[in-house]
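The exercises below ask the reader to work from the displayed coordinates towards a picture of packing, charge pairing and surface. Each task is followed by a solution that goes step by step.

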Amino acid sequence: MSRSKPSSSVEQLKERGNQLFSKGKLNAAIESYTEAITLCPGWEVPYVNRALCHRKLKNWENVSADCRSALALDPDLPKAHYMLGLSLLESQQLGEAIRSLQKVYSATYTSPLDLHDGDTL
């Protein structure tokens with residue numbers, strides 16, 4: 001996959017997902033992010049945001065899949081590495097989890113990143 005610039009309608013779907021996420025309507029947010037991904041599969045942001053919803057729902061396989069999709073588009077996404085690391089810890093894939101979390105540490109060592117659950121992109 002390659003990175004794509006989203007259209008305004010795709011941006012609106014992402015924003016709607018963000019609003020639903022902030023209201024705790026995670027399944028509806030997932031649907032909105034999925035629509036955005038369907039229309040613009042080369043944009044990493046809705047993958048990361050959908051992974052965040054899945055993380056809150058503890059759907060670890062979906063977290064892993066979405067983070068891997070986002071990282072295929074942009075390998076320098078600390079939030080995607082962080083959530084991937086958490087999902088790998090949950091599935092006891094410790095070596096890969098450590099590598100993913102080390103990437104977060106390296107990326108945020110000089111410029112800390114708030115990895116708070118409520119931060120969509």
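Helices, as the word is used here, are DSSP runs of H or I with at least four residues, numbered from the N terminus. The model is predicted, and the first exercise therefore concerns confidence.

**Exercise 1. Determine how confident the prediction is for the chain and for its elements.**

Step 1. The protein chain has a mean pLDDT of 89, and 87% of its residues reach 70 or more.

Step 2. Among the elements of the chain, helix H2 (residues 26-39) has the highest mean pLDDT, at 98, whereas helix H6 (residues 94-108) has the lowest, at 82.

Step 3. A general caution applies when such values are used: where pLDDT is low, the predicted coordinates should not be read in detail.

**Exercise 2. Place Arg-50 in the fold, decide whether Arg-50 is buried or exposed, and find the partner of its side chain.**

Step 1. Arg-50 belongs to helix H3, which spans residues 45-56.

Step 2. Because its relative accessibility is 14%, and buried means under 20%, Arg-50 counts as buried.

Step 3. If residues up to four places away in sequence are left aside, Arg-50 touches Ile-30, Tyr-33, Thr-34, Ile-37 and Asp-66.

Step 4. With one of these, Asp-66, the side chain of Arg-50 meets in a salt bridge, at 2.6 Å from N to O. This pair links distant parts of the chain, since Asp-66 is in helix H4 and Arg-50 in helix H3, 16 residues apart.

Step 5. Asp-66 has a relative accessibility of 4% and therefore counts as buried as well.

**Exercise 3. Describe two further salt bridges of the structure, which holds 4, and state how accessible their residues are.**

Step 1. Arg-68 pairs with Glu-96, the closest N and O atoms being 2.9 Å apart. Because Arg-68 lies in helix H4 and Glu-96 in helix H6, the salt bridge ties together parts that are 28 residues apart in sequence.

Step 2. Arg-68, at 37% relative accessibility, counts as partly exposed, and Glu-96, with a relative accessible area of 28%, is partly exposed too.

Step 3. The side chains of Lys-14 and Glu-15 also meet in a salt bridge, at 2.7 Å from N to O. Here Lys-14 counts as buried at 7% relative accessibility, whereas Glu-15 is partly exposed at 36%.

**Exercise 4. Which elements give two or more residues to the largest nonpolar core, and what lies apart from this core?**

Step 1. The largest nonpolar core has 25 residues, and those with the most contacts inside it are Phe-21, Cys-53, Cys-67, Ala-80 and Met-83.

Step 2. The elements giving two or more residues to this core are helix H1 (8-22), H2, H3, helix H4 (60-73) and H5. Of these, H4 gives the most, with 6 residues.

Step 3. Cys-53 can serve as an example: not counting residues up to four places away in sequence, Cys-53 touches Phe-21, Leu-26, Ala-29, Ile-30 and Tyr-33.

Step 4. Apart from the largest core lies another, of 6 residues, among them Val-10, Ala-36, Trp-43 and Val-45.

**Exercise 5. Find which residues form a nonpolar patch on the surface.**

Step 1. Leu-89, Leu-94 and Ile-98 form this patch, with about 250 Å² of accessible area together.

Step 2. Leu-89 has its place in helix H5 (residues 78-90), and because its relative accessibility is 34%, Leu-89 counts as partly exposed.

Technical notes. Residues are numbered from 1 along each chain as its sequence is written. This is a predicted model: local features need pLDDT of at least 70, side-chain atom pairs count only at pLDDT 80 or more; totals for chains, interfaces and linings use all residues. Side-chain values use heavy atoms; hydrogens and water are left out. Patches are made of residues with over 30% relative accessible area and no salt bridge: like charges are joined within 9 Å, nonpolar side chains (Val, Leu, Ile, Met, Phe, Trp, Tyr) within 5 Å. Accessible areas come from the Shrake-Rupley method with a 1.4 Å probe; for residues, only the protein chains shown count as cover. Buried means under 20% relative accessible area, exposed over 50%, partly exposed in between (1.4 Å probe, protein chains only). pLDDT is the predictor's confidence in each residue, from 0 to 100. Contact means heavy atoms within 4.5 Å. A nonpolar core is a set of buried Ala, Val, Leu, Ile, Met, Phe, Trp, Tyr and Cys residues joined through side-chain atoms within 4.5 Å.
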